[in-house]
Amino acid sequence: MAESSLYGRRKYWAKRFVPAPVLPMSRKEMDDLDWDSCDIILVGGDAYVDHPSFGAALIGRVLEARGFRVGIIAQPDWKGPADFSALGRPNLMFGVTSGNVDSMVSRYTADGRRRSDDAYSPDQQPDLRPDRALIAYCNRCRQAFEGVPIVIGGIEASLRRVAHYDYWSDKVRRSILLDSKADLLIYGNAERAVVEVAWRLSSGEEIANIKNVRGTAFARPTAETGGDVVRLPAYETVSRDPVEFARATRMVLEEAHPVHGRALVQKHEGRDVFVLPPATPLSTKELDQTYELPFSRRPHPAYKDARIKAWEMIRHSVTIMRGCFGGCSFCALACHAGPIIQSRSAESILREIEQIRDHLPGFTGIISDLGGPTANMYRQGCKRDQQKKKCRRLSCLYPSVCRELETSHSPLIKLYRRARKLPGIKKILIGSGVRHDLALRSSDYVKELVTHHVGGHLKVAPEHVCKDPLTHMQKPDIELFERFRELFEKYSAEASKEQYLLPYFIAAHPGTTDQDMLELALWLKNHDIRIDQVQTFLPTPMTLATAMYHSGIDPTKPFKDGGVEVTVPRGLKARRLHKAFLRYHDPVNWPLLRKALKRMGREDLIGNGKRQLVPARQAGRRKRPA
Ligand code: SF4
Ligand code: SF4
């Protein structure tokens, strides 16, 4: 299987390539750079922010560092081909992404309503990307320049690489490769694969012949497959049989491991979709080099004074690692970035903090986050030689922290201490969510965190308090959260700091009954916790929880005798009630909760006493208008 070393023998751009101040978005900018054409044009659904947290910028800068001329078409008008031809015909390929978020997630709420804003658009304009952006963009690229290879990537491509459940149309859809008619799909961390593909195209190879790059998927006419390839149940089967769909989801996740994952193939109506094993994770050196590419770290000047909320949220934060071995059922990370933690060196992270301090206007001395998908997995991972012993666990933390897992928090503590000492840095906050079961392995870490790095609130995600939902989520027992809370309060008191935990809970996750939500609401009331923002479960493509939602079967459990059935709160009414339990204190929810409590035989919880959940309706009070 072919794979590129990311930066080759040397930093190409440092020796003979002058990086562009920002990647060009217009012919005028190409002229200023003295370019007659682009080698690669990246088309994306987000505004172009030249910062490593934005996918198109990251991939663009990596390709630039390998000597390619990269142009950006951000948030084009998809109703015609004009915007797609703005930079001319690319010499090698179009790279197409929906943006940092799946376009359907970006455009619709969990209740199916259109969102009124988009954090990745200038001034949060809501309509700058289409539904199913990959399909729309690929059609227009083909219309603009027929015959140019099209490679799709990013989260939408990644999570829709095989047949997947689509919540918005309530059906199993084909691999996005077939619907977009793209030539190649890159999933997961795309750097290695995109460099390899670009090199091979530039040396004259046909895209149709690129069939051996890790981290890619492609479609071919159905034929016999040999070798170490896992055949998934066909699209026709999984689209009509939910249990087979759940089984296929589990198979995909089991093979999503970069060390021992095997190639997958899935038949779709006379075509086979091949998904090659995931790309090899980046080494610390490669990750350092990537994050230290010459990003301007701000939006392209074309946006002038427009505010891009997604950038404002992260501009003073630093990514220290990628990946997560948590394996929460509702999270797509395992099948996108993967379970192996890739960490940057402390030196590289400190250099980035200094760069923010010295070059970013408006920096007040506060770093808003040193994190990644979680706050506290830096430099952790499996101690076992995975080449020899294949591990099929879907989580290294559930049902309990694996004995083979290196859980030392010392490198993270050292990193925090060094970062705090940098001149001009007043405070380092931790904004990423802390995995509390893991943090309990190191009371030194909790002490360090609580004493120095909490800006009033610390995010943790117990997600529920009842055993059944927690089991289906693959999350730890609530008792571990209570232990973490005790430590948090103890160290906060020792540091004389008034600060709070901000616990996150999910409403309407598969496996959650009305009774479970009632218990959660009572627990919140007993702990005097009032939640402002409520997360309702959203069945995003390819997660285990989405497979539960669609099939009513828990794919994390054995499939013997048809599998373990799960209660699924379906439909707006059930989902709204679960959400209302989380916000039991909001008067808007009281009529709904009173009705539910009566139905559940819990009228004793309606009243004006301390032990009641919602107050009784006052006599003579008129009903609120709808
Ligand atoms: S700990 Fe966070 S990032 Fe990791 S799998 Fe769970 S939700 Fe996803
Ligand atoms: S052996 Fe343990 S630590 Fe290693 S991958 Fe498996 S579950 Fe994770």
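## Exposure and the basis of the model

A residue counts as buried when its relative accessible area is under 20%, as exposed when that area is over 50%, and as partly exposed in between. By this scale glutamate 292, at 29% relative accessibility, is partly exposed. The structure discussed here is a predicted model.

## Salt bridges

Side chains of opposite charge can pair when their charged atoms come close. Across the whole structure, a search finds 46 salt bridges. One of them joins arginine 351 to glutamate 292, with 2.9 Å between the closest N and O atoms. Arginine 351 belongs to helix H14 (residues 346–359), whereas glutamate 292 sits in the loop between helix H11 (284–291) and helix H12 (309–314); the pair therefore ties together parts that are 59 residues apart in sequence. Arginine 351, with 41% relative accessibility, is partly exposed, and glutamate 292 is likewise partly exposed at 29%. Elsewhere, Asp102, Arg132, Arg160 and Asp166 are joined into one network by salt bridges that share partners.

Two further pairs can be set against each other. Arginine 114 and aspartate 127 form a salt bridge whose closest N and O atoms are 2.7 Å apart. Both residues are placed in the loop between helix H4 (103–107) and helix H5 (133–144), 13 residues apart. Arginine 114 has a relative accessible area of 45% and is partly exposed; aspartate 127, at 40%, is also partly exposed. The salt bridge between arginine 173 and aspartate 179 has an N to O distance of 3.4 Å. Here arginine 173 is buried at 16% relative accessibility, and aspartate 179 is buried at 18%.

## Nonpolar cores

The largest nonpolar core comprises 75 residues, and those with the most contacts inside it are Ile353, Leu370, Leu415, Phe484, Leu524, Phe581 and Leu613. Apart from its neighbours within four places in sequence, leucine 370 is in contact with ten residues named here in full: Val318, Ile320, Ile349, Ile353, Leu415, Tyr416, Ala419, Ile428, Leu429 and Ile430. A second core, separate from the largest, has 50 residues, including Ala47, Val62, Leu276 and Leu287.

## Helices H11 and H21

Helix H11 is mostly covered, with six of its eight residues buried. These are Glu286, Leu287, Asp288, Gln289, Thr290 and Tyr291. They pack against helix H3 (55–65), helix H8 (191–202), strand S12 (317–319), strand S13 (321–322), strand S14 (342–343) and H14.

Helix H21 (residues 544–551) is largely enclosed by the rest of the structure, because eight of its eight residues are buried. The residues concerned are Leu544, Ala545, Thr546, Ala547, Met548, Tyr549, His550 and Ser551. Their packing partners are strand S5 (164–166), strand S6 (171–173), helix H10 (242–254) and helix H18 (467–473). Just after H21, glycine 552 adopts a positive phi of about 75°.

## Helix H23 and the loop before it

In helix H23 (residues 590–599), the residues Leu593, Arg594, Ala596 and Leu597 are buried. They lie on the same side of H23 because they cover an arc of only 170° around the axis. Lys595, Lys598 and Arg599, on the other side of H23, are exposed. The cover over the buried residues of H23 includes helix H20 (514–526) and helix H22 (571–582). Glycine 601, just after H23, has a positive phi of about 75°.

Histidine 585 is located in the loop between H22 and H23. With 14% relative accessibility, histidine 585 counts as buried. Neighbours within four places in sequence aside, histidine 585 is in contact with Arg530, Ile531 and Trp590. The C-alpha atom of histidine 585 is separated by 44 Å from that of tyrosine 291, and the two residues are 294 residues apart along the chain.

## The surroundings of ligand 1

The residues around ligand 1 are Cys324, Gly327, Cys328, Phe330, Cys331, Pro373, Thr374 and Arg435. This shell divides into five nonpolar residues, two polar and one charged.

Note on methods:
Residues numbered from 1 in each chain as written. Chains lettered and ligands numbered in written order. Predicted model: local features only at pLDDT ≥ 70, side-chain atom pairs only at ≥ 80, totals over all residues. Heavy atoms only, no water. Buried < 20%, exposed > 50% of the residue type's maximum accessible area, 1.4 Å probe, protein only. Helix = DSSP H or I, 4+ residues; strand = E, 2+ residues; numbered from the N terminus. Arc of directions from axis to C-beta. Contact = heavy atoms within 4.5 Å. Near = heavy atom within 4 Å. Nonpolar A, V, L, I, M, F, W, Y, C, P; charged D, E, K, R; others polar. Salt bridge = Lys/Arg side-chain N within 4 Å of Asp/Glu carboxyl O. Core = buried A, V, L, I, M, F, W, Y, C linked by side-chain atoms within 4.5 Å.
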